[in-house]
Amino acid sequence: MTPDLECQHLIKRFGETQAVDDVSFSVPQGSFFSILGPSGCGKTTIMRMIAGFLEPSGGDILIRGKSVLDTPPNKRPVNMVFQHLALFPMMCVADNIGYGLRRQGMAKAEIARRVEEMLHRINLPGLGQRKINELSGGQKQRIAIARCMILNPDVLLLDEPLGALDLKLREHMKIELKALQSEFDTTFVYITHDQSEALVMSDQIAVMNTGRFEQVGSGQELYYNPQTAFVAGFVGESNRWIGRVERIEGREAQVLTENGLTIFSSSQGSSLMTGDQVEIFVRPEAIRLSKKAENLDDLRNRLSGKVVSVLFNGAASNILFQAEEELEPIEVALPQSGEMTNLARGAEVAIGWTTDQARCFKWTDG
Amino acid sequence: MKTETKIGFILLITPLLLWLVLLIIIPHIDMFLVSIRERVGVRQYQSSLANYGTFFEEPLYIWTFVRTATMSILATLITLVIAFPASYYIAKMAKGRTQSVLFLLCLVPFWVSEIVRTFGWMILLRETGLVSSVLQWTGIVSGPVEMLYNDTAIMIGLVYTSMLFMVVPLVTTLESLDDQIIEAAYDLGGSGLSILREVIIPHAAPGIVAGSIVVFMLTLGNYLTPTMLGGKDSLWFTELIYLQFIVRFNWELGAAFGFMLLLLSSIIVWSVLRLTGQTLEKTMG
Ligand SMILES: Nc1ncnc2c1ncn2[C@@H]1O[C@H](COP(=O)(O)OP(=O)(O)O)[C@@H](O)[C@H]1O
Ligand SMILES: [Mg+2]
């Protein structure tokens, strides 16, 4: 099956800056594809090239197998939900949703019927005559999507559409957006700098950094099996150390950190050599916590020390652990069951993790 | 309201009120009183509507009145048509320095006084002027051409003088239109013309109405430009008023004319607001 959207070696330069640097990806029909990256990494630029507002400096964009580079934005079979939604404030809700159909020259009665049907589908029946400024944030969101979906685009582009909403509503809209996507069964390309949005909604996520794709994969793959240091650091929480490889044994690298801590870590097949500078990432929830050191005897990395502080955050609570004065504190997830819940500052504890849980990447950045 | 804020409010509002009452309301009341009295003998007056009667009996007065109104409306429309693309360019397409330079260029004509500016036009357009000489030199015309003292000259002068007052409100409202909204309209299949009609003009409506009202009132009340560029027979209504007050010393008739002009501009402004569905608060806010 031809993918709905395919970008081949896409490049965009703005004068000196290379905003998008040789990006290739394809999005299968009906899937939810996210581009996740810090702000300024070039996400919007990719989006605007797909929508047709920017001309690529190089590469090609194909929709359902056909290049659209020569198609102007008002003729492309893609529609875009803008960062600030960009609803037409001079029109009522029904006119906003019907705008695209009116431009296609559809008969008035048919437009009215489809708009009403669309309002039902997005759960806002009877709101057609409302003014845009009389709507709540979540309602505007749905109208912005409906306005595009009524045109049956091959691909819907969404540029951080939840950015302007407050936290509670954002959590709610994440679920709703995913539901809307499967309801319409349309390909969504969603860009965000918020990893939880990407992880919750997407079938596939591309992690982007300074104009390049670092890794493309499902949320699980990115989270449990990051291929680059950037992905390991950007997706999820991590403890991070910088050190030098002391010894290599099969896939296990023994690393001495700057502060003198020895960590046994997994090189995951990348060719490291003794003396290489490396970065190590360990997730807080991958670290086992125990009151007795002997419980952790089966773990390769073990430390004993004190709880420096308890960062209580409900189910996502962590503690800060410190083994010795000169070592930096380590964040450790606080198990929600048993003896650990009443852990207080200053308590004597032991922590440990396996070799595989410590991911080690060659450190290139000076 | 607390007493302190009350005092502050009074202090702030007093100059404005004084200005309104002393310079606008009182003279107008006085003028109205003058306009409804009739001289029956030396220093003998009686109340009557005779002055207004004179206005409606004399075809020349009515003709001038209608002509001034039509020409002002036309001048306003021409200004709007010229200023809109310019304002759109300044507000949406020009960036950074270019934008401020262009905006400043609209202000340049106002660095010289109106009378000097109008003389400039006369130098260009008169029989022995620059335009005429160039036309003769290139051989397009054989003899000198007089481009002054006709309606076109008046119109050019009026539009030129009014441009800034149209550009400023237009640029302000157009700037407040989010670029993303225009892009969204394109994205949904809009063409340039339909976006102009359905998105840009509705958004700019308050600016268009505000600019048009200001330009219309300035044009209607303009004296210098029509008189100088149109010559003796320019038939501008303000000229008739001037004539009555200064030349004929007929203050009663002049005042009645003044009131007719006030009435005319009020009616036209009111009907434009009604027609476009705008309110005074919306356009001036
Ligand atoms: N029109 C432009 N002219 C010059 N530089 C631009 C332009 N648009 C974006 N950039 C640059 O390209 C980079 C990527 O921007 P953008 O795609 O907006 O990032 P993101 O959406 O990921 O935050 C930024 O460094 C930005 O400064
Ligand atoms: Mg962006």
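This passage describes the domains of chain A, the contact between chains A and B, and one sheet with a salt bridge beside its strands in sequence.

The structure is a predicted model, in which local features need pLDDT of at least 70 and side-chain atom pairs count only at pLDDT 80 or more, while totals for chains, interfaces and linings use all residues. Residues are numbered from 1 along each chain as its sequence is written, chains are lettered from A and ligands numbered from 1 in the order in which they are written, and side-chain values use heavy atoms, with hydrogens and water left out.

Chain A is considered by its domains to begin with. The assignment divides chain A into domain 1 (5-232) and domain 2 (237-362); such bounds come from an automatic or database domain assignment. Between the C-alpha centres of the two domains of chain A the distance is 39 Å. Where the domains meet, domain 1 of chain A contributes 9 residues and domain 2 of chain A contributes 8 residues, contact meaning heavy atoms within 4.5 Å. Together the two domains of chain A bury about 710 Å², with 43% of that area on carbon and sulfur atoms. Buried area is the accessible area (1.4 Å probe) that two parts lose on being put together, summed over both. On the side of domain 1 of chain A, 65% of the area buried against domain 2 of chain A is supplied by Tyr223(A), Ala229(A) and Ala232(A), more than by any other three residues.

What kinds of polar pairing link the two domains of chain A? There are 4 residue pairs in polar contact, both residues at pLDDT 80 or more, and 0 salt bridges. A polar contact is a pair of N or O atoms within 3.5 Å; within protein, one must be able to donate a hydrogen and the other to accept it, and residues adjacent in sequence count only if both atoms are side-chain atoms. A salt bridge is a side-chain nitrogen of Lys or Arg within 4 Å of a carboxyl oxygen of Asp or Glu.

The contact between the chains takes 25 residues from chain A and 19 residues from chain B. Chains A and B bury about 1,800 Å² between them, and 58% of this lies on carbon and sulfur atoms. Asn74(A), Met90(A) and Arg103(A) supply 31% of the area that chain A buries against chain B, more than any other three residues. Between the two chains there are 3 salt bridges, and Arg102(A) meets Glu198(B) in a salt bridge at 3.0 Å, N to O. The chains also share 8 residue pairs in polar contact, both residues at pLDDT 80 or more. Elements that each supply at least two residues to the side of chain A touching chain B are helix 1 (43-51), strand 6 (78-81), helix 2 (93-103) and helix 4 (137-149) of chain A. Helices (H or I, at least four residues) and strands (E, at least two) are DSSP runs, numbered from the N terminus. Helix 2 of chain A gives the most to this side, with 4 residues.

Turning to the sheet, chain A holds an open sheet of 4 strands in the order 2-1-4-5, with antiparallel pairing; two strands pair if DSSP finds at least two bridges between them. Its edges are strand 2 (17-27) and strand 5 (66-67) of chain A, each pairing on one side only. Strand 4 (residues 58-63) of chain A pairs with strand 5 of chain A in the antiparallel sense over 2 bridges, and Ile63(A) stands opposite Lys66(A) in strand 5 of chain A.

Over all chains, the structure holds 25 salt bridges. In one of these, the side chains of Arg64(A) and Asp154(A) meet at 3.1 Å, N to O. Arg64(A) lies in the loop between strand 4 and strand 5 of chain A, and Asp154(A) in the loop between helix 4 and strand 7 (155-159) of chain A, so this pair ties together parts that are 90 residues apart in sequence.
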